[in-house]
Amino acid sequence: MDALTIDASCDFISDRGDEIWSLLKQRSIDNVMLVGVHTNMCVLGRPFGLRQLAKNHVNVALVRDLTDTMYNPAAKPFVNHFTGTDLVIDYIERTVCPTISSEQILGGSAFRFSSDTRPTIVMMIGESEYATAETLPRYALENLGKTFRVRYVLEHHDRDNHFVGLDGLDEADLLVVSVRRKPLPGEQLQRVRDYISAGKSVLGIRTASHAFCLRNSAPPEGLVDWPEFDREVFGGNYTNHHPNTLSSKVFPAAPLPQQSPLARGIEIRPFRQGGSLYKVRPLVSTATVLAIGRAEGVGDEPVAWAYTRVDGGQSFYTSLGHRQDFRTDEFIELLDQVIKTYSGVGNTH
């Protein structure tokens, strides 16, 4: 093809594993970047594919934006074709080898198919009490894969309070926060601040109300906290929670407020809440409460509300998010509606 020049002094073309392995050995090549078409087929499985290269101690990386998958969205897991590629890349990163993207070498922007118009959701997860590192990805696979591009920002496996993937905020349309009491290195917390101050949308799940500060103590040396995050970003006022033994039920606010454009069309169906009922009263006066939690012997507490921040951006917070809530159809419907509304897709319910 005219766009590709073959240099006979250093370029080679082959589809045979023995030839390619001989070439790597002859040239003492230990570092390989693999690009290709069907990531879940040849790129992974051929004799010179990712698995064999990694198994034989070659330093191999997949160039993740220069690949695709052989996948029919009518088959399991019934997601968008591009989401299918994302899932294979995620599998490769977890079990085979690292990945890079082309702009890290060439500059410019990473390649993206012109028909891949999915809004990007970034889920920042860093808590162990409610297992959202399991429930949120499962929810995303089952409910978001046909419409959205989902990226994850996760805590480093052996460095507490350090998160991997925050550069994904640069292209996010919606940030979902499920973090509990994690002061961050200054430059990482600044990335979160920059995203929010740009007026972009935020959805907080349960412990996001106390995401970036410790309880009644200063952050360790080298880390920075944000104790005002709850009030500034969500209009909230988390102080503690009611007893775990107190059973509560979720009801729509009465009357259901309609003054917030991003609250219109979001419907709440009553259901039994999993986990404790958070103490959050009083909220900032401009917060729009959509749902309340009711338990015997205590006053009603807001459990879901919309808030327009000082920077003009839109936030939504829910103190729901216990593992049991993710097994409840009514909670899943609420998340679906909020994510579609706040990511710009619009409400389809």
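In this predicted model, the second largest pocket is lined by 21 residues, and those nearest its centre are Phe12, Ile13, Ser14, Ile20 and Leu23. Two elements, helix H1 (17–26) and strand E1 (31–34), each give two or more residues to this lining. The pocket has a volume of about 930 Å³. By class, its lining divides into 15 nonpolar, three polar and three charged residues.

The largest pocket, for its part, has a volume of about 1,700 Å³. Its lining is made up of 48 residues, with Ile89, Glu93, Val150, Arg151 and Tyr152 lying nearest the centre. Helices H4 (81–95), H5 (103–106) and H6 (132–143), along with strands E4 (120–126) and E5 (149–155), are the elements that give two or more residues to the lining. Of these, H4 gives the most, with nine residues. Here the lining has 20 nonpolar, 10 polar and 18 charged residues.

Strands E4 and E5, which help line the largest pocket, also belong to an open sheet of 10 strands. The strand order is E6-E5-E4-E7-E8-E15-E14-E13-E10-E11, with mixed pairing. Strand E6 (163–164) and strand E11 (271–272) form the edges, each pairing on one side only. Within the sheet, E4 runs parallel to strand E7 (residues 174–179), the two being joined over six bridges. Methionine 124 has valine 177 of E7 as its bridge partner. Helix H7 (residues 186–197) packs on this sheet, where it touches E4, E6, E7 and strand E8 (201–205). The direction of H7 makes about 120° with that of E8.

Note on methods
Residues are numbered from 1 along each chain as its sequence is written. This is a predicted model: local features need pLDDT of at least 70, side-chain atom pairs count only at pLDDT 80 or more; totals for chains, interfaces and linings use all residues. Side-chain values use heavy atoms; hydrogens and water are left out. On a 1 Å grid over the protein atoms alone, a cavity is a set of points where a 1.4 Å probe fits but cannot get out, and a pocket is an open set with protein on both sides within 12 Å along at least five of seven lines; lining residues have an atom within 4 Å of a point. Grid points are joined across faces, edges and corners, and a volume is the space filled by probe spheres set on the points. Helices (H or I, at least four residues) and strands (E, at least two) are DSSP runs, numbered from the N terminus. Ala, Val, Leu, Ile, Met, Phe, Trp, Tyr, Cys and Pro count as nonpolar, Asp, Glu, Lys and Arg as charged, and the others, Gly among them, as polar. Two strands pair if DSSP finds at least two bridges between them. Contact means heavy atoms within 4.5 Å. Axes are lines fitted to C-alpha atoms, for helices over the stretch in contact, and angles run from 0 to 180 degrees between N-to-C directions.
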